[in-house]
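Colleague: Please take a close look at one chain of this model and how it sits against its partner. I would like one connected account that a first-year student can follow.

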Amino acid sequence: MSIRSEPLTGSARPTRRAASLGVWLDRQSVFSWLMMAPPLLFLAALVGYPFCYGILLSLQDRPVAHVGTFVGLKNFMTDFKDAIFWRVTLNTFVYTAIATVLKMVGGLALALAMNQQFPMKNLVRALMLLPFIVPTVLSTVAWMWILDPAFSVFNWFLIALGVPKPGPSWLGNPVLAMGSIIVINTWRGLPFYGITLLAGLQTVPPELYEAATIDGAGGWQRFRYVTLPLLQPIILIVTLFSVIFTFADFQLVYVLTHGGPQNATNLFATYAFDIAMGAGQLGLGASVALTMLPALALLIIALTIYLRRR
Amino acid sequence: MVTGYGPIERLVRLWLPVGFFLVLALFPFYWMAVTSLKPNAELYNRRIMPLVVHNPTLKHYIDLLTETSFLVWTWNTMLVAVVSTAISLVLGVMLAYPLARMRFAGAGLIAMTVAAVYLVPQPLLFIPLADLINRLDLGNTLTAVILTYPTMLVPFCAWLLLGYFKTVPMELEEAARIDGAGRLQTMRRIFLPLCTPGFISAGIFAFTLSQNEFLYALIFLTQSAVRTVPVGVIAELIRGDVFYWGQLMAGALLGSIPVAIIYSFFVEHYVAGLTSGSVKG
């Protein structure tokens, strides 16, 4: 649509001018850009601008409520010499990797279990989704109480079974704390995988299973050579989504452990929060947050291209 | 598929795994409910079997509603969720309609940008946004979160609606165009009324996401009168090292109920939106 309308002649009567304005507005490109302008401006102001401003902040020494001074890459140098930063990096990758694998395997198992006929299936499916829809902070508080050092309900049973008192310190031991946040993240994300994969399973034509059975395929072979290949696109999308938001997770860790004990569960987002909001170092905090960008950008670009291709 | 399992095989293949997942999913909610109904004497007694309530009491609920600002937080949460959902739906339609229906240069690029913006997680933006909100003098106002929640919700609604719009047949709009209706008129009178299910899906998701939001609310809202439920519960029911577990669990349960109710009415729309493969997990 590169053809421009004829310029109006000076003698055009108002009605004709109004009519040609109408014609102009009716063009697909004009209508589209006018329609999209408000949301695009909104996103430019509150996503685009903060994003660029964040990059600028990361290059400044900027204590809260002070004017920033440009320091180049000094903040990033500080990060790379900081032992806690590397611990945080390791934590984030471990957390994302294990939680994603657990959600994928568990979600597939959930979907396969739910892909059978049984009474009250819709009710069960609705209940299964509850962990995913309830505000994360509120369910995390419940987990915090389940794992309480003194009154953990798990420990009550373990002690009843003969484990010496007071039982494991779920959030006080570095390894157990990491295990706990991984399990809770899995608990919350599992329904998303399960229900999405279930929808995928329901689109698999039954004839394919019948054909595979006639060809002598057993249950595992039907799963391996019929189900998995057909589910692959859905698994890929769900996993990319989940990896992005697990990698940048904040609320669960902030509420449950605040990154402790001794930074054993500190992730990029919680560490950046500590530095920026706790210690008031906006520049340094922004630099920690931005170190997530390369990995996130790769994932986001991959997923964006994949979604567009569909 | 193969049918005709025996009862034992059905138990192993169906009821054991489904039962396991169901107990796993629901136990924390059961535990919230049980804890919130226990008197403190029972709550902090390690000798009593903890899974059931022996002397139920509503004391924690009464304390929560009378001694804390929980009702104010609930009102704030609802107000913010409703307003930001409404804003996001309107702006989302304004993005999605041209992308779904019009042919113009740059459409592909805009669609890519919307998808990418939707995938940008909050921790990448919260520090500069905090500074921005400060400079605009919007700290401790609900406007701060009403403005920032749509940054996640607009691209999200636009993306979900774009998918939905593409499934709506074009004949009615073409007929309206032939009858001389303008583009805006065609969109508002003919097209949008056909898309109610899409709006419900996007609306519920946006509503749940705003109820769930924590980071921006934590940073922007530091006074009790403007807090939302998640921030209020974390900031005011945990005082130093003192945890008011009974009230915390009562608050967690009451705070979960609005989302759960709305969700239960529209669960099919929710699942439809979820499985369109465009939801944050």
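Modeller: In chain B, 46% of the 281 residues are buried (20 or more other C-beta atoms within 10 Å of the residue's own; 12 or fewer is exposed, anything in between partly exposed, and C-beta atoms are placed from the backbone). This is a predicted model, in which local features need pLDDT of at least 70 and side-chain atom pairs count only at pLDDT 80 or more, while totals for chains, interfaces and linings use all residues. Residues are numbered from 1 along each chain as its sequence is written, with chains lettered from A and ligands numbered from 1 in the order in which they are written.

Start with the overall form of chain B. Its secondary structure consists of 14 helices and 2 strands (DSSP runs numbered from the N terminus: H or I of at least four residues for helices, E of at least two for strands). Along the principal axes, the C-alpha trace of chain B extends over about 75 × 65 × 30 Å. Chain B has a radius of gyration of 24 Å, whereas a compact globule of 281 residues would come near 19 Å (taken over C-alpha atoms; the globule rule is 2.2 Å times the number of residues to the power 0.38). Many of the chain's contacts bridge long stretches of sequence: of those in chain B between residues at least 6 apart, 77% join residues at least 24 apart (contact is C-beta atoms, placed from the backbone, within 7 Å).

Next, one stretch inside chain B. Helix H12 of chain B covers residues 229–236, and 6 of its 8 residues are buried, so this helix is largely enclosed by the rest of the structure. The buried residues of H12(B) are B:Val229, B:Pro230, B:Val231, B:Gly232, B:Val233 and B:Ile234. What do they pack against? From chain B they meet helix H4 (70–101), helix H11 (215–220), strand S1 (238–239) and H13. From chain A they meet helix H7 (136–146) and helix H12 (251–256). The surroundings of H12(B) thus come from both chains.

H13 of chain B, one of those neighbours, also has a helix partner to examine. Two packed helices are described by the angle between their axes and the distance between the axes. Helix H10 (residues 196–212) and helix H13 (residues 245–265) of chain B pack at about 165°, with their axes 10 Å apart (axes are lines fitted to C-alpha atoms, for helices over the stretch in contact, and angles run from 0 to 180 degrees between N-to-C directions). H10(B) and H13(B) are therefore roughly antiparallel (over 145 degrees; under 35 is roughly parallel, 65 to 115 roughly perpendicular, and the rest oblique). On the H10(B) side the contact involves B:Ile204, B:Phe207, B:Thr208 and B:Gln211. On the H13(B) side it involves B:Val259, B:Ile262 and B:Tyr263. Sorted by class, this contact has 5 nonpolar, 2 polar and no charged residues (Ala, Val, Leu, Ile, Met, Phe, Trp, Tyr, Cys and Pro are nonpolar; Asp, Glu, Lys and Arg charged; the others, Gly among them, polar).

Two loop residues of chain B show what lies outside the helices. B:Asp137 sits in the loop between helix H6 (126–135) and helix H7 (142–167) of chain B. Its phi is positive, about 60°, although B:Asp137 is not a glycine. B:Asp137 counts as exposed because it has 9 C-beta neighbours inside 10 Å. B:Arg46 is found in the loop between helix H2 (40–43) and helix H3 (59–67) of chain B. With 13 C-beta neighbours inside 10 Å, B:Arg46 counts as partly exposed. Leaving out residues up to four places away in sequence, B:Arg46 touches A:Phe151 and A:Trp156.

That leads to the interface with the partner. In total, 76 residues of chain B are in contact with 83 residues of chain A. On the chain A side, helix H2 (residues 28–58) gives the most, with 17 residues. The chain A residues that touch chain B divide into 68 nonpolar, 13 polar and 2 charged.

For reference, the partner's own figures follow. Chain A has 15 helices and 2 strands, and buried residues make up 41% of its 310 residues. A compact globule of 310 residues would have a radius of gyration near 19 Å, but chain A has 27 Å. Its C-alpha atoms fill a box of roughly 100 × 70 × 30 Å along the principal axes.

Terms used
Two residues are in contact if their C-beta atoms, placed from the backbone, lie within 7 Å.
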